[in-house]
Amino acid sequence: AAARRFGDPVGLVVFGSSVTASIKPTTKYEKIERAIVGLSSDSGGTELAPALAKALDYFPQTLRGALMIMTDAGFADKEAVSRRLTALPAGVECTAFCFGGEDSIRDAFSEASASTRVYASSPDEPFAETALNELYG
């Protein structure tokens, strides 16, 4: 809704054990919405670092904007993710919405940069703002 209000472009990178789909930033929000509605989980291994790299490729030369991550935080490439998150450009604000146990989420994002905010939501609760618990920020 905020992107629409301000006419900001939005992109999408879908990942699991690899990047499975991506959409370059666009103001054609319906395309993004259709892709999100069609998402499903195959419960395979998660590799987040390649998705972060792809997402950062979409940022403008100024490297300013917002990066949002939705994950179960059960990714296997924690060291590579930590390197990417600690090296985020100063103009990139990152927010991670994670579903799962708080201890595993804390572990997965323990090396995140100061510009990264991490929220946890139990997979047993409906996703809603009131269900989010800020772990880092």
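Let me start with one residue: Glu33 has a relative accessible area of 36%, so it is partly exposed, a class that lies between buried (under 20% relative accessible area) and exposed (over 50%), with a 1.4 Å probe and protein chains only as the basis. Before going on, a word on what you are looking at: this is a predicted model, where local features need pLDDT of at least 70 and side-chain atom pairs count only at pLDDT 80 or more, while totals for chains, interfaces and linings use all residues. Numbering starts from 1 along each chain as its sequence is written, and side-chain values use heavy atoms, leaving out hydrogens and water.

Back to Glu33, then. What does its side chain meet? The partner is Arg4, in a salt bridge of 2.8 Å, N to O. That pair links distant parts of the chain, with Arg4 in helix H1 and Glu33 in helix H2, 29 residues apart. By salt bridge I mean a side-chain nitrogen of Lys or Arg within 4 Å of a carboxyl oxygen of Asp or Glu.

Arg4 also meets Glu30 in a salt bridge, at 3.8 Å, N to O. Here the separation is 26 residues, from H1 (residues 2–6) to H2 (residues 29–37). Arg4 is partly exposed at 39% relative accessibility, and Glu30 is partly exposed at 42%.

How many salt bridges does the structure hold? There are three. The one still to mention pairs Asp107 with Lys78, their closest N and O atoms being 2.9 Å apart. Asp107 sits in helix H5 (residues 102–108) and Lys78 in helix H4, so this pair ties together parts 29 residues apart in sequence. Both ends are partly exposed: Asp107 at 44% and Lys78 at 30%. As for Arg4, Glu30 and Glu33, shared partners join them into one network.

Now let's zoom out. The protein has five helices and six strands, taken as DSSP runs numbered from the N terminus: helices are H or I with at least four residues, strands are E with at least two. Their order from the N terminus is α-β-β-α-α-β-α-β-α-β-β. Of the 137 residues, 35% are buried.

Helix H3 (residues 49–57) is a nice place to look inside. Its buried residues are Ala49, Ala51, Leu52, Ala53, Ala55 and Leu56. What do they pack against? Strands E1 (10–15), E2 (19–26) and E3 (65–71), along with helix H4 (78–86).

One last number for the contact-map fans: among contacts (heavy atoms within 4.5 Å) between residues at least 6 apart in sequence, 56% join residues at least 24 apart. Thanks, everyone!
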